[in-house]
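Please open the structure in your viewer and keep the sequence at hand, since this tour moves from one selection to the next and says what is there at each stop.

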Amino acid sequence: MQIELRFFASVREAVGTGKETLSVPDEVQTVGQVRAFLKRRGGAWAEALADGRALRMAFNQQMTGADTPISEGGEVAFFPPVTGG
């Protein structure tokens, strides 16, 4: 499945990109699983998306929890709880 990723504020700064198109394996079916999949990249990805880090997530521009299912062509976004202009 192919999805669009968006990263904002300090998450964007940490991972070095604001957006990416990604093909995820079949077992990645939720927003939380996307987060876990990206953390396996290691380094800045693991740190920016770590479980203990305060992080908001959205799917198709709607705030969501980790259990929200994803779908082909959807957009998953990650950002800190407070973002500036």
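**The whole chain**

The protein has 3 helices and 5 strands, where helices (H or I, at least four residues) and strands (E, at least two) are DSSP runs numbered from the N terminus. The model is a predicted one, in which local features need pLDDT of at least 70 and side-chain atom pairs count only at pLDDT 80 or more, while totals for chains, interfaces and linings use all residues. Residues are numbered from 1 along each chain as its sequence is written, and side-chain values use heavy atoms, with hydrogens and water left out.

With everything displayed, follow the chain along the sequence, and the pattern β-α-β-α-α-β-β-β appears. The C-alpha atoms fill a box of roughly 30 × 25 × 20 Å, taken along the principal axes. A compact globule of 85 residues would have a radius of gyration near 12 Å, and the protein, with 12 Å, agrees with that; the radius is taken over C-alpha atoms, and the globule rule is 2.2 Å times the number of residues to the power 0.38. Buried residues make up 39% of the 85 residues, where buried means under 20% relative accessible area, exposed over 50% and partly exposed in between, with a 1.4 Å probe and protein chains only. Of the contacts with a separation of 6 or more, 51% come from residues 24 or more positions apart, a contact being heavy atoms within 4.5 Å.

**The sheet**

Now select the strands, of which 5 form an open sheet with mixed pairing in the order β2-β1-β5-β3-β4; two strands pair if DSSP finds at least two bridges between them. At the edges lie β2 (19-23) and β4 (62-64), each of which pairs on one side only. Neighbouring strands of this sheet are turned by 30° against each other on average, direction ignored. Axes here are lines fitted to C-alpha atoms, for helices over the stretch in contact, and angles run from 0 to 180 degrees between N-to-C directions.

Next, add helix α2 (residues 31-39), which packs on the sheet and touches β1, β2, β3 (56-59), β4 and β5, with its direction at about 65° to that of β5.

Select β1 together with β5, and you will find them paired in the parallel sense over 4 bridges, with Glu75 in β5 as the bridge partner of Glu4. Turning to β2, you will see that β1 and β2 run antiparallel and are joined by 5 bridges, with Ile3 standing opposite Leu22 in β2.

Which side chains of β1 point to the buried face? Ile3, Leu5 and Phe7 point to one face and are buried, whereas Gln2, Glu4 and Arg6 point to the other and are not.

While β2 is still displayed, select Lys19, which is found in that strand and counts as exposed because its relative accessibility is 59%. Apart from neighbours within four places in sequence, Lys19 is in contact with Leu5, Arg6 and Phe7.

**The aromatic rings**

A search of the whole structure finds 3 aromatic pairs, a pair being rings of Phe, Tyr and Trp (its six-membered ring) with centres within 6.5 Å; planes under 30 degrees apart count as stacked, over 60 as edge-to-face and the rest as tilted. Select Phe7 and Trp45, whose ring centres are 5.4 Å apart and whose planes stand at 75°, so the pair is edge-to-face. This pair links distant parts of the chain, with Phe7 in strand β1 (residues 2-7) and Trp45 in helix α3 (residues 43-48), 38 residues apart. Are these two residues buried or exposed? Phe7 is buried, and Trp45 is buried too.

Then select Phe7 with Phe78, whose ring centres are 6.1 Å apart and whose planes are at 15°, so the pair is stacked. Here too distant parts of the chain are linked, since Phe78 belongs to strand β5 (residues 75-79) and lies 71 residues from Phe7 in strand β1. Phe78 is buried, with a relative accessible area of 0%, and Phe7 is buried with 1%. Ring pairs link Phe7, Trp45 and Phe78 into a cluster.

**Around Trp45**

Finally, keep Trp45 displayed and add Arg41, whose charged end sits over the Trp45 ring, 4.4 Å from its centre; this description requires NZ of Lys or CZ of Arg within 6 Å of the ring centre and within 35 degrees of the ring normal. Lys39, in helix α2, counts as buried at 19% relative accessibility. Not counting residues up to four places away in sequence, Lys39 touches Trp45, Ala46, Leu49, Ala50 and Asp51.
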